[in-house]
Amino acid sequence: MDRELEKYILDHSTPEDPVLEDLYRQTHLRFVNPNMACGHIQGKFLEMISRMINPSCILEIGTFTGYSTVCLSRGLKPDGKLITVEPNDEIEEFTATFLDNAGVAGKIVTFSGRLQEMIGSMNEEYDLVYIDGDKREYCEYFRLIIDKVRPGGFIIADNVLWGGKVLEKEVSDQQTKGIIEFNEMISSQKNIENIILPIRDGVMLIRKIQ
Ligand SMILES: C[S@@+](CC[C@H](N)C(=O)[O-])C[C@H]1O[C@@H](n2cnc3c(N)ncnc32)[C@H](O)[C@@H]1O
């Protein structure tokens with residue numbers, strides 16, 4: 001997006017709160033690929049959507065340093081919980097500190113491992129699922145979670161435009177292939193409706209009809 005428009009959006013949106021600002025800065029100082037953290041505008045969008053749904057139970061696939069975890073958890077019902085899954089256990093301590101600083105640690109259950117290893121032991125029904133793990137596995141995640149989403153519940157998938165690579169005629173990398181397959185699978189699904197929003201790297205909203 002045009003830099004000036006991006007600045008205009010930032011100037012006319014609620015500013016980032018200090019805990020998230022610190023989390024974003026520390027993520028950039030300490031981790032490789034810090035741009036995996038969703039950041040302020042997308043984070044605020046996730047928070048707003050979560051507040052609108054007011055979920056009892058959220059599943060997040062791909063915690064990384066917890067930016068989206070904090071944002072999504074802010075819309076939970078007072079006794080609600082967010083289950084977040086992350087295979088990289090080296091980030092765990094860092095993330096735990098920030099969930100605590102944000103005052104949401106008590107609502108978060110962290111699973112160390114891949115979704116595929118965890119899903120069998122999860123008996124919850126989800127009001128909202130946030131898909132932000134390995135782009136090659138999005139179709140697999142969808143198949144694993146769809147029966148656990150309540151009728152009328154929502155799924156949000158990040159990076160569905162993948163830097164514009166979804167338009168490439170000859171696709172060789174597996175992540176782009178994964179995203180393209182996911183977008184095609186979703187558009188041909190019955191029993192859901194969906195829309196792609198051009199926020200950051202593309203965010204897909206999906207509603208399970210029944
Ligand atoms: C883009 S980052 C998540 C960013 C985070 N949601 C945020 O906005 O701050 C993707 C994360 O998914 C994790 N991941 C990869 N494969 C996974 C799997 N099978 N199950 C759960 N998480 C996975 C990666 O280790 C990585 O930390």
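This is a short talk on the pockets, the aromatic pairs and two buried residues of one predicted model.

Okay, hi everyone. Just to flag it up front, what you see on the screen is a predicted model, so keep that in mind as I go.

Let's start with the empty space. The largest pocket holds about 860 Å³. Its lining counts 38 residues, and the ones closest to the centre are Met36, Phe64, Asp132, Gly133 and Lys135. If you colour by secondary structure, look for α4, β2 (81-86) and α6 (115-118), since each of them supplies at least two lining residues. And what is the lining made of, in terms of nonpolar, polar and charged residues? It splits into 15 nonpolar, 13 polar and 10 charged.

Then there's the second largest pocket, at about 470 Å³. Here 14 residues form the lining, and Met1, Glu6, Ile41, Ile199 and Arg200 are the closest to the centre. Two elements give two or more residues to that lining, namely α1 (3-11) and α3 (39-53). Which one gives the most? That's α3, with 4 residues. By residue type, this second lining has 9 nonpolar, 3 polar and 2 charged.

Back to Phe64 for a minute, because we just met Phe64 among the residues closest to the centre of the largest pocket. Phe64 sits in the loop between β1 (57-61) and α4. Is Phe64 buried or exposed? The relative accessibility is 11%, under the 20% cut-off, so Phe64 counts as buried. Setting aside sequence neighbours within four places, Phe64 is in contact with Thr27, Phe31, Val32, Asn33, Pro34, Met36, Ala37, Glu86, Ile91 and Thr95. Phe31 also turns up in an aromatic cluster together with Phe64, Phe94 and Phe98. And if you want a long-range distance to check in your viewer, the C-alpha atoms of Phe64 and Pro198 are 22 Å apart, with those positions 134 residues apart along the chain.

On to aromatics more broadly. There are 7 aromatic pairs in the structure. Take Tyr24 and Tyr67: the ring centres are 5.9 Å apart and the planes are at 80°, so that pair is edge-to-face. The two tyrosines come from distant parts of the chain, 43 residues apart, with Tyr24 in helix α2 (residues 18-30) and Tyr67 in helix α4 (residues 67-73). Their surroundings are worth a look too. Tyr24 is partly exposed at 28% relative accessibility, while Tyr67 is buried with a relative accessible area of 3%.

Another one is Phe142 with Phe182, again edge-to-face, at 6.5 Å centre to centre and 70° between the planes. This pair also links distant parts of the chain, 40 residues apart: Phe142 is in helix α7 (residues 138-145) and Phe182 in helix α8 (residues 174-187). Both Phe142 and Phe182 are buried.

Last stop, Asp127. You'll find Asp127 in strand β4 (residues 126-131). Asp127 carries a charged side chain, and at 11% relative accessibility Asp127 counts as buried. So what does that side chain reach? The backbone nitrogen of Ser56, at 2.7 Å. Not counting residues up to four places away in sequence, Asp127 touches Ile53, Pro55, Ser56, Cys57, Arg150, Gly153 and Phe154.

That's my tour. Happy to rotate the model if anyone wants another view.

Methods. Residues numbered from 1 in each chain as written. Heavy atoms only, no water. Buried < 20%, exposed > 50% of the residue type's maximum accessible area, 1.4 Å probe, protein only. Polar contact = N/O pair within 3.5 Å; in protein donor to acceptor, adjacent residues only side chain to side chain. Contact = heavy atoms within 4.5 Å. Phe/Tyr/Trp six-rings, centres within 6.5 Å; stacked < 30°, edge-to-face > 60°. 1 Å grid on protein atoms, 1.4 Å probe; cavity = no way out; pocket = protein on both sides within 12 Å on 5 of 7 lines; lining within 4 Å. Points joined across faces, edges and corners; volume = space filled by probe spheres on them.
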